[in-house]
Amino acid sequence: MKRTHQELWVTVFLSLLRVSAGTEVDETAPKFRAAVYEHVVTMPSDPKENVTRAEALSIMRQNLATYAQQAQAARAQGANIIVFPEDGLYGVAFSRESIQPYLEYIPDPKVETWVPCDEPDRFPNTEVQEELSCMAKNHSIYIVANMGDRQPCHPQVNANCRKDGYFQYNTDVAFDPNGRLVARYHKKNLFFEYQFDEPRQAEVVSFQTPFGRWGMFTCFDILFYSPAVEAVVREGIANIAFPTAWMDALPLLASVQFHSAFARGLGVNFLAANIHWPAYRFKVAASTHLQAWRLSITMHRYPANRD
Ligand SMILES: *[C@@H]1O[C@H](CO)[C@@H](O)[C@H](O)[C@H]1NC(C)=O
Ligand SMILES: *[C@@H]1O[C@H](CO)[C@@H](O)[C@H](O)[C@H]1NC(C)=O
């Protein structure tokens, strides 16, 4: 069953300055414009049901079609980067088995230089990465999205390897405006996500852009030192892309306040993209930034024109 409630677009554009570690604004740092998208996810009717890869792709392509429209709209308004939410391509509440057709092998971008849009057949079953890559390339924009990674492992080599021979990770990916996969982050701090494995080591990942170095982590990660705070204080990363499926809940977990506190407390630009599912309090994409006086926000609300 597809969601029928109103599709909400919240596109927040910020004119940002990259900031140095303190509260000083570096006026010479390049400005950029960013978009986050609060997405109404098309999900399978029963996430615990086993589906084929073709069925999984059909669901993910419906979500990707919306992403493509949004990437285009963001670029048309001058955005250099757009962030999409956690679980935005398939939803939540899968089992370890039922998520499998949604997963793809995501190569390590530190090892492989790969533009999936140009080389779609380099690895098998990478349709989602191909679409995200083409989207970034077509619209000449950095794209950060969240998807599932499936990495083969061998019990003889890795004692933690699962019986089925794979690790399954909740993963953020970043593509540059040429469509190249530039960063991959495996979520460390899982929140009742039995479909996914926790990586042994917290990964601090980043990618370089003409408007500064960007880090990525996801949702529950923000409540832990590693890798969230580590990325900023140890690696000096001053810009964070944060795909999330965040329950906007008082008193302590209100989205905007929480994410804004991280941005202000650590002095970073922070782009949070949430899914839009108000029945479960998943809402409010917050894009927050230390330099609040530089903030300009545009919000659009459109009625749904799909069922
Ligand atoms: C899905 O497949 C797995 C085996 O791959 C099986 O253990 C599980 O019971 C199946 N789930 C459903 C709902 O059919
Ligand atoms: C990218 O552009 C090509 C050529 O115009 C088009 O066929 C394709 O659907 C586009 N893909 C995405 C994901 O935007």
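Two residues are in contact if their C-beta atoms, placed from the backbone, lie within 7 Å. Keep that rule handy for the views below.

This is a predicted model, where local features need pLDDT of at least 70 and side-chain atom pairs count only at pLDDT 80 or more, while totals for chains, interfaces and linings use all residues. Residues are numbered from 1 along each chain as its sequence is written, and chains are lettered from A and ligands numbered from 1 in the order in which they are written.

**View 1. The whole chain has four helices and 11 strands.** Helices (H or I, at least four residues) and strands (E, at least two) are DSSP runs, numbered from the N terminus. The chain has 307 residues, and 48% of them count as buried. Here is how burial works: a residue is buried if 20 or more other C-beta atoms lie within 10 Å of its own, exposed if 12 or fewer, and partly exposed in between, with C-beta atoms placed from the backbone. Now take the contacts between residues at least 6 apart in sequence: 71% of these join residues at least 24 apart.

**View 2. Arg281 sits in the loop between strand 10 (269–274) and strand 11 (287–289).** Setting aside neighbours within four places in sequence, Arg281 is in contact with Met247, Asp248 and Ala249. Arg281 and Ala245 are 36 residues apart in sequence, yet their C-alpha atoms are 9.5 Å apart in space. Because 14 other C-beta atoms lie within 10 Å, Arg281 counts as partly exposed.

**View 3. Arg213 and Trp214 both belong to strand 8 (212–216).** Start with Arg213, which is partly exposed because it has 15 C-beta neighbours inside 10 Å. Leaving out residues up to four places away in sequence, Arg213 touches Ser206, Gln208, Ile237, Ala238 and Asn239. Its C-alpha atom is 6.8 Å from that of Ala238, which is 25 residues away along the chain. Next comes Trp214, which has 25 other C-beta atoms within 10 Å and is therefore buried. With residues up to four places away again left out, Trp214 touches Ser206, Phe207, Thr209, Asn239 and Ala241. Trp214 and Ala183 are 31 residues apart along the chain, with 9.6 Å between their C-alpha atoms.

**View 4. Helix 1 (residues 53–76) packs against helix 2 at an angle of about 15°.** Their axes are 10 Å apart. The axes are lines fitted to C-alpha atoms, for helices over the stretch in contact, and angles run from 0 to 180 degrees between N-to-C directions. That angle makes helix 1 roughly parallel to helix 2, a label for angles under 35 degrees (over 145 is roughly antiparallel, 65 to 115 roughly perpendicular, and the rest oblique). On the helix 1 side, the contact uses Leu57, Met60, Leu64, Tyr67, Ala68, Ala71, Gln72 and Arg75. On the helix 2 side, look for Glu127, Val128, Glu131, Met135 and His139. These contact residues split into eight nonpolar, two polar and three charged. For that sorting, Ala, Val, Leu, Ile, Met, Phe, Trp, Tyr, Cys and Pro count as nonpolar, Asp, Glu, Lys and Arg as charged, and the others, Gly among them, as polar.

**View 5. Ligand 2 has Ala68, Glu131, Cys134, Met135 and Asn138 around it.** A residue is near a molecule or strand if its C-beta atom, placed from the backbone, lies within 6 Å of it. Helix 2 (residues 127–139) gives the most to this shell, with four residues. Sorted by type, the shell has three nonpolar residues, one polar and one charged.

**View 6. Ligand 1 is surrounded by Lys48, Glu49, Asn50 and Glu97.** This shell holds no nonpolar residues, one polar and three charged.

**View 7. Two prolines follow cis peptide bonds.** One is the bond from Ser226 to Pro227, with omega near 5°, and Pro227 lies in helix 3 (residues 225–233). The other joins Leu250 and Pro251, where omega is about 5°. Look for Pro251 in the loop between strand 9 (239–244) and helix 4 (255–266).

**View 8. Ala93 and Cys219 have a positive phi although neither is a glycine.** For Ala93, phi is about 70°, and the residue sits in the loop between strand 3 (81–83) and helix 2. Ala93 is partly exposed, with 16 other C-beta atoms within 10 Å. For Cys219, phi is about 50°, and its place is the loop between strand 8 and helix 3. Cys219 is buried, with 24 other C-beta atoms within 10 Å.
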